[in-house]
Amino acid sequence: MKIWAHRGCSQMYPENTLLAFEKAAIGGLEGIELDIQMTKDGELVVIHDERVDRTTEGSGFVRDFTLAQLKRLHIYADVHPGQEIPTMKEALELLTPFMRKGLRLNIELKNSVYPYEGMEEKIVDLVGMYGLEKNVVYSSFSALSLERLRGIDSQTEIGILDTRVSDCFYKLKGGCGAQALHPYWQAIDLSAERLQGYTVRAYFGGHLYPEKPTGTKLDLAALEKKGITDVFLNEPERYL
Ligand code: G3P
Ligand code: CA
């Protein structure tokens, strides 16, 4: 089982921050997953929600803030203060040395609610500037966006997101250009035989910082039997 840090080490540190990524990068994991949205002035920033309300003291949609305005916000954190919303460029600056040594990065384009125009071109250009194509996996819930991305970049790996693995499979067969399936870990509704040969990276909806860890640990061997090859975990460091 290959283990990825979901939004960085997001149980012990604030999600999608440079701190959470740094902690994940030094841990010997398969890779890190993060989410990107786009600002009013077209900058790619790393934040999960379309709005800033849940993770910062601000209020409103990311797309209505300029980068300068977003940078004035603070990520909620009691024992880990000083974190701000990172740009995708800042995340790549931090992670490039680790990625050159083999760490992978799953960049989830958060464009199924707002189909940010030009997002695909921008992220492909940025990853290309760092020469990290071989270490990146793009993903999105939007099959249309992935098709667009595949038209721009024919090589980099793509994973299609949905809840049920059967829906991922359906989108994959529909021609979104993905090689991998990214379903919810409890929605594996096809047999392992049907999934054989596919990379199945399952995400886990666990608790996030600053909630306390649940103390539960997944049975990775049982998940492997279901055909899951990789898992995205909020507390990946517990499994190393
Ligand atoms: O990419 C897997 C997973 O992150 C998708 O769900 O809501 O955590 O972005 P979400
Ligand atoms: Ca995500």
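In this predicted model, six aromatic pairs are counted among the ring-bearing side chains. One of them joins F141 and Y203, whose ring centres lie 6.5 Å apart with the planes at 80 degrees, so that the pair is classed as edge-to-face. This contact links distant parts of the chain, since F141 belongs to the loop between strand 5 (136–140) and helix 5 (143–152) whereas Y203 belongs to strand 8 (residues 199–203), 62 residues apart. With a relative accessibility of 29%, F141 counts as partly exposed, while Y203, at 17%, falls under the 20% limit and therefore counts as buried. Y203 also pairs with Y184, the ring centres being 5.7 Å apart and the planes at 50 degrees, so this second pair is tilted. Y184 is placed in the loop between strand 7 (180–182) and helix 7 (192–195), so that its pairing with Y203 in strand 8 ties together parts 19 residues apart in sequence. Y184 is partly exposed, at 24% relative accessibility, and ring pairs thus join F141, Y184 and Y203 into a cluster.

Charged side chains are also found over aromatic faces: R51 lies over the face of F61, at 4.6 Å from the ring centre, and K217 over that of Y239, at 5.3 Å.

The largest pocket encloses about 190 Å³, and among its 17 lining residues those closest to the centre are H6, R7, E33, E108 and Y203. Strand 2 (31–38) and strand 4 (104–109) each contribute at least two residues to this lining, which comprises six nonpolar, six polar and five charged residues. The second largest pocket, of about 160 Å³, has a lining of five nonpolar, two polar and three charged residues, including D78, H80, Y209 and K212.

Notes. Residues are numbered from 1 along each chain as its sequence is written. Chains are lettered from A and ligands numbered from 1 in the order in which they are written. This is a predicted model: local features need pLDDT of at least 70, side-chain atom pairs count only at pLDDT 80 or more; totals for chains, interfaces and linings use all residues. Side-chain values use heavy atoms; hydrogens and water are left out. On a 1 Å grid over the protein atoms alone, a cavity is a set of points where a 1.4 Å probe fits but cannot get out, and a pocket is an open set with protein on both sides within 12 Å along at least five of seven lines; lining residues have an atom within 4 Å of a point. Grid points are joined across faces, edges and corners, and a volume is the space filled by probe spheres set on the points. Helices (H or I, at least four residues) and strands (E, at least two) are DSSP runs, numbered from the N terminus. Ala, Val, Leu, Ile, Met, Phe, Trp, Tyr, Cys and Pro count as nonpolar, Asp, Glu, Lys and Arg as charged, and the others, Gly among them, as polar. Rings of Phe, Tyr and Trp (its six-membered ring) pair if their centres lie within 6.5 Å; planes under 30 degrees apart count as stacked, over 60 as edge-to-face and the rest as tilted. Buried means under 20% relative accessible area, exposed over 50%, partly exposed in between (1.4 Å probe, protein chains only). A charge sits over a ring if NZ of Lys or CZ of Arg is within 6 Å of the ring centre and within 35 degrees of the ring normal.
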